[in-house]
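Hi everyone, thanks for coming along. I have one structure to walk through with you today, so let me put it on the screen.

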Amino acid sequence: MMATRSDIVIQEVSPRDGLQIEPKWIETQDKIQLINAMSAIGFRRIEVSSFVSPRAVPSLRDAAEVFIGIERRPDTIYTALIPNHKGAELALAAGADELNFVMSASEMHNRANMNMTHERSLLSFAEIVKPARQRGVLVNGSIATAFGCPFEGLQPPEKVLNIVKRYLDLGVDGITLADTTGMANPRQVSQLVDETLNLLPSDKLTLHFHNTRGLGLVNILAAYDAGARRFDAAIGGLGGCPFAPGATGNVCTEDLVNLCDEIGLTTGLDLKRLIHVSRRLVGLIGHDVSDQIVKAGRPKDLHPIPAHLRS
Ligand code: COA
Ligand code: ZN
């Protein structure tokens with residue numbers, strides 16, 4: 001059956017952004033099951049893991065086994081986050097469909113997260129684009145701290161747009177603007193999305209918001225109104241960068257799908273099935289999660305009328 005186009009595309013990032021910060025070791029088989037469940041629900045894009053130093057992010061040290069173990073759906077793109085040339089080689093060997101390069105708008109966060117300067121990151125990526133594309137593998141360029149850095153504060157839009165241009169010059173297929181520690185506000189988002197869409201079409205731009213200060217969904221709506229159509233989100237609102245002080249979870253996928261359902265934007269995703277998978281998360285990671293829609297139920301899931309009020 002042909003997949004119908006949805007109004008927005010949600011990329012599920014819980015297996016990577018969500019699990020990278022979890023202190024408890026999650027078994028490889030459990031990661032594979034989570035990804036398979038997301039595939040079955042119908043996500044067209046899933047960020048499976050990252051090929052980074054196992055010393056930096058021990059919780060994702062099984063990235064290759066996870067990639068090899070998952071069931072692939074032909075209409076789903078399985079992405080790997082990449083910090084450098086070595087990560088790209090490992091991801092290509094493991095069969096990733098897309099390499100998601102990441103560097104930060106802020107020099108300070110790039111050093112804290114990747115131990116690299118901007119120029120070093122870009123040099124490392126430049127070597128990878130061609131061999132990846134020759135193998136039919138997509139390449140995306142992510143810009144962390146694009147809206148603000150926990151060390152440097154607000155990042156000027158010109159600086160971010162300059163990195164977008166550098167990525168596009170390298171020949172990437174898409175760009176992600178990431179609000180790593182939830183510092184963005186809707187006005188800033190509208191402006192930066194508007195300016196970025198002068199440089200590339202909306203089907204190539206992804207917005208990645210963390211809900212650290214409770215503005216995640218508002219920022220998504222602002223980005224949507226400014227023309228953005230692709231968004232990252234994590235089931236259970238899991239997530240956070242281990243190298244950014246105060247980082248907390250991504251926008252929660254179930255809450256985002258509920259918002260879209262309520263305002264009539266199609267996502268191609270079934271909220272009931274998502275809630276079903278989300279209910280199993282606490283058992284997997286060993287602590288409560290921040291999904292409001294799972295706790296409250298969908299607006300249309302009404303409660304029985306109290307017995308004494310029934311006639
Ligand atoms: N995957 C696995 N191992 C890697 C690697 C990769 N992508 N890149 C480097 N390594 C290994 C090297 O082989 C070397 O191993 P050795 O000590 O056994 O010889 C070791 O890591 C150090 O390599 P070096 O190139 O000096 O890296 P570094 O210590 O300066 O760290 C990064 C740089 C980018 C590898 C590291 O900072 C990192 O992985 N950061 C990712 C952080 C992250 O995932 N943040 C959250 C997502 S935004
Ligand atoms: Zn993130």
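**A glycine, a zinc site and two helix pairs**

Let's start with Gly153, which sits in the loop between β5 (138-144) and α7 (157-170). Before going further, please keep in mind that this is a predicted model. Which residues does Gly153 touch, if we leave out those up to four places away in sequence? They are Gly148 and Met183. To give you a sense of distance, take Ala64: Gly153 and Ala64 are separated by 89 residues in sequence, and their C-alpha atoms lie 35 Å apart in space.

From that loop we can step straight into α7 and look at its partner, helix α6 (residues 118-134). The axes of α6 and α7 come within 10 Å and cross at roughly 25 degrees. An angle under 35 degrees counts as roughly parallel, so α6 is roughly parallel to α7. The crossing of α6 past α7 is right-handed. On the α6 side, the residues in contact are His118, Glu119, Leu122, Phe125, Ala126 and Val129, and on the α7 side they are Lys159, Ile163, Arg166, Tyr167 and Leu170. Sorted by class, this contact has seven nonpolar, one polar and three charged residues.

Now for the second helix pair, α9 (216-225) and helix α10 (residues 253-263). Here the angle is about 50 degrees, and the axes are 11 Å apart. Roughly parallel would need an angle under 35 degrees, and roughly perpendicular starts at 65, so α9 and α10 are oblique to each other. α9 also passes α10 in a right-handed crossing. Leu217, Ile220 and Leu221 of α9 meet Asp255, Leu256, Leu259 and Ile263 of α10. That contact divides into six nonpolar residues, no polar ones and one charged.

Last stop, the metal. Which protein atoms are the donors of the zinc ion, ligand 2? They come from Asp17 (OD), His208 (NE2) and His210 (NE2), at 2.0 to 2.1 Å from the zinc ion. Along the chain, these donors follow the spacing D-x190-H-x1-H. Asp17 and His210 link distant parts of the chain, 193 residues apart: Asp17 is in helix α1 (residues 14-18), while His210 is in the loop between β7 (205-209) and α9.

And are these two buried or exposed? Buried means under 20% relative accessible area, so Asp17 at 2% is buried, and His210 at 3% is buried too.

That's my tour. Happy to rotate the view for anyone who wants another look.

Conventions. Residues are numbered from 1 along each chain as its sequence is written. Chains are lettered from A and ligands numbered from 1 in the order in which they are written. This is a predicted model: local features need pLDDT of at least 70, side-chain atom pairs count only at pLDDT 80 or more; totals for chains, interfaces and linings use all residues. Side-chain values use heavy atoms; hydrogens and water are left out. Donors are N, O and S atoms within 2.8 Å of the metal (3.2 Å for Na, K and Ca); water is not among the atoms, so sites may look incomplete. Helices (H or I, at least four residues) and strands (E, at least two) are DSSP runs, numbered from the N terminus. Buried means under 20% relative accessible area, exposed over 50%, partly exposed in between (1.4 Å probe, protein chains only). Axes are lines fitted to C-alpha atoms, for helices over the stretch in contact, and angles run from 0 to 180 degrees between N-to-C directions. Angles under 35 degrees count as roughly parallel, over 145 as roughly antiparallel, 65 to 115 as roughly perpendicular and the rest as oblique. A crossing is left-handed if the near helix is turned anticlockwise from the far one by less than a right angle, and right-handed if clockwise. Contact means heavy atoms within 4.5 Å. Ala, Val, Leu, Ile, Met, Phe, Trp, Tyr, Cys and Pro count as nonpolar, Asp, Glu, Lys and Arg as charged, and the others, Gly among them, as polar.
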